[in-house]
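Here is a short report on how a protein meets its DNA. Look over the sequence and structure first.

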4 protein chains.
Amino acid sequence: MQPNPGSSELTFTEAARRKQIVAAAIETIAELGYAKASFVQIAKRAGLSSPGLISYHFANKDDLIEQVVAEIYGAGGAVITMHNEGAVSAWQGLRGYLEGSVAYYDSHRTYMRALVHILQGHPDALGRWVGANNVAELDAVEELLVRGQRAGEFREFDTRTVALIIRQMLSGTLQHLLTRPDVDLTDYTHELVAMCEHALVAPEGKTND
Amino acid sequence: MQPNPGSSELTFTEAARRKQIVAAAIETIAELGYAKASFVQIAKRAGLSSPGLISYHFANKDDLIEQVVAEIYGAGGAVITMHNEGAVSAWQGLRGYLEGSVAYYDSHRTYMRALVHILQGHPDALGRWVGANNVAELDAVEELLVRGQRAGEFREFDTRTVALIIRQMLSGTLQHLLTRPDVDLTDYTHELVAMCEHALVAPEGKTND
Amino acid sequence: MQPNPGSSELTFTEAARRKQIVAAAIETIAELGYAKASFVQIAKRAGLSSPGLISYHFANKDDLIEQVVAEIYGAGGAVITMHNEGAVSAWQGLRGYLEGSVAYYDSHRTYMRALVHILQGHPDALGRWVGANNVAELDAVEELLVRGQRAGEFREFDTRTVALIIRQMLSGTLQHLLTRPDVDLTDYTHELVAMCEHALVAPEGKTND
Amino acid sequence: MQPNPGSSELTFTEAARRKQIVAAAIETIAELGYAKASFVQIAKRAGLSSPGLISYHFANKDDLIEQVVAEIYGAGGAVITMHNEGAVSAWQGLRGYLEGSVAYYDSHRTYMRALVHILQGHPDALGRWVGANNVAELDAVEELLVRGQRAGEFREFDTRTVALIIRQMLSGTLQHLLTRPDVDLTDYTHELVAMCEHALVAPEGKTND
DNA sequence: GATGAATGAGTGTTCATTCAT
DNA sequence: CATGAATGAACACTCATTCAT
């Protein structure tokens, strides 16, 4: 039976167990991929006596995955806002976002790998858990782009579409980072930033555009 | 008995059945994702009496998937070469590649969706069936970039890394296209091409465009 | 449909096909064992286009195996009688039977291996096809033993039981020969014959050997 | 989850279930033979709800069979050593071994039948589980023969080969016992022992028997 | 006579989930 | 709270056999 049915309060031990299981699930998914991350494997990595314990603490496999996604996003929620603050130019803000994101991916490879695997393996992880976060991040990027256009920093383009493309470039970077763990990120990030700078920043003469 | 072991000749009916099953597999994978595309589901969509019939015509599930990938790549093999020919400028070549790719993705959504699902779901589809094609395509892009740099069309950058990023942008486009089937591709492609143009074409080189 | 239902006459081609299939079955069973000797494997070795052809020529798998056993016994039926003739002593007759059997096993390894595999793998091959042959052979051995006892060559013993034990020794020899193909049969047979001689021949009877 | 991976400690119930399944497996194999002893049949005889439960308690079918063989050998491990002790003559030791073995076969017919079926049906049961035991038993017999020769009890012969033949005689006895359950073992054993005595014991050595 | 395609029951094994203790 | 045992559906794959052509 689900503990505390209908209640949102969790015992201390209960909360600890859930965290432990979520952590083991992240580790397992990152290591084996979503398809092979069975309860048995997760329980083994969590040092649990039985996969039944996972079912005891989580209503569903989907419920567990939902918590996993929440944990991953919770750990990285500060990323985009962090670099968006301060009285810097829009381009500096965007550059910070790009570099910050890549650095974050680099330093949270296990989490990111798990997230990517979930997105790839779960039928509709995107729609149910990840989509909203993506939209929020996309909004933040677009806001930056709008600010840059208003300030004359950026050339004219459709901000929503370009925000989307920038997000996709970062997704591509993450994929590449996870696939080729030995990639030289400094060089890679340098080219990425350069491409975006040339792609978006308006030439000097355009200031009054 | 496995039909025609070690031979490349296939009966007419045999070839037809294989095509039919491959088609049903593509359809099923595109619809349900790789994980849930079991022989039972594929057989159901192919109108077969039993999943055993698939095992009769294909040695393995991997064998079937290999044929699926072959069919998908076979149908689109002309894409990259098509746009690389002609005495056009490097940028025109690249623009053609970008627009051609997007148009191809658009017109082969089911195939592309299946391919993406296989890449995401199969443990090492990338290494066994897709990797080589990707490298070839990457090489073609890089060659274009090198040509453009030599001709002074393109600014200086690391051609390999930028080729990679361009491929990733297209991957992102495909993902987006499959996720949001109602996207306005004309606008999207326009922005994508514009971004790449600004990102790569050298300022003085724009005159002879 | 079974060809020539209710008739015992076989077409020439029909008979040839059956022989061919039986031969392939023997080869297959000897090589793979009974359990893995499927129609597919047999058809492959016989160069047949389909396992269905076997079902066409034989009513059953059991029917095929029955013919296989018949072929094997038919090829070796002369063995025991061959050495039982001539006005030799009983012991010489027995010795000839022992040595002849071992030699026969040695020169018909594939047939013998197939027969052993069938006996081991088929639920009741013994009762249905092999038992009668064994009894016949056993009778022949016993007859020899009785003759020897009457002539005073052999000591007193229960002839049926000892005949059985002698048969079992030969079975053991066959097993050993098939398991360890590199065994030195000369030495082995020498010891086997010596054991039987000491075991059966009456002390005073040795003089006229 | 596979219970207690890598540990030798078993829960009480777990151990009981394993024993129960092993027992049912022995029963099933003895009754149906190895080929037809599927998990479904074993589960049916064990009163289990599903064949999956067997996979839950044993890693493999091979794992189960290994435990079955272990159980069978474990139950009869004392046989050969039992009769080899005491300051008796080599011949008395051998006679004890023969009689003891036959008596053991007689009193453990189901176990022996299962063992024989496994040896006949499993591709390499001999090499993996049984071979070592056979060699050990063969060594023990040979040791006895060597002792007897040194003491002048036995005539000259190649001890290895004769040990092998003696083992084969016992195998033959077992086969016969399982095939004809109504055999008069007293008579049979008497003849077997007599044959071996005449075959091996040196004429002059009989005096101090 | 022969072919190749098809059938459907059967195999061992994995899995999320349930539940008595 | 936690355990370990159990469940039953699902999986890919093999097999002897059937049958239209």
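## Strand F: backbone and bases

Sugar or phosphate supplies 71% of the atoms of DNA strand F within 4 Å of the protein, and bases supply the rest. This is a predicted model: local features need pLDDT of at least 70, side-chain atom pairs count only at pLDDT 80 or more, and totals for chains, interfaces and linings use all residues. Residues are numbered from 1 along each chain as its sequence is written, chains are lettered from A and ligands numbered from 1 in the order written, and side-chain values use heavy atoms, without hydrogens and water.

## Contacts to strand F

32 residues surround DNA strand F (a heavy atom within 4 Å). The closest are Thr13(A), Ser49(A), Lys61(C), Arg17(D) and Ser49(D). A polar side-chain atom of Thr13(A) sits 2.4 Å from a phosphate oxygen of the strand. For His57(A), a side-chain N or O atom is 3.2 Å from a phosphate oxygen. Ser50(A) reaches a base instead: its polar side-chain atom lies 2.8 Å from a base nitrogen.

## Contacts to strand E

DNA strand E is surrounded by 32 residues. The closest are Lys61(A), Arg17(B), Ser49(B), Thr11(C) and Ser49(C). Of the strand E atoms that come within 4 Å of the protein, sugar and phosphate account for 70%.

Chain B offers two side chains here. A polar atom of Tyr56(B) lies 3.1 Å from a base nitrogen of DNA strand E. A polar atom of His57(B) lies 2.9 Å from a phosphate oxygen. In chain C, a polar side-chain atom of Ser49(C) is 2.8 Å from a sugar or linking oxygen.

How values were computed:
Polar contact = N/O pair within 3.5 Å; in protein donor to acceptor, adjacent residues only side chain to side chain.
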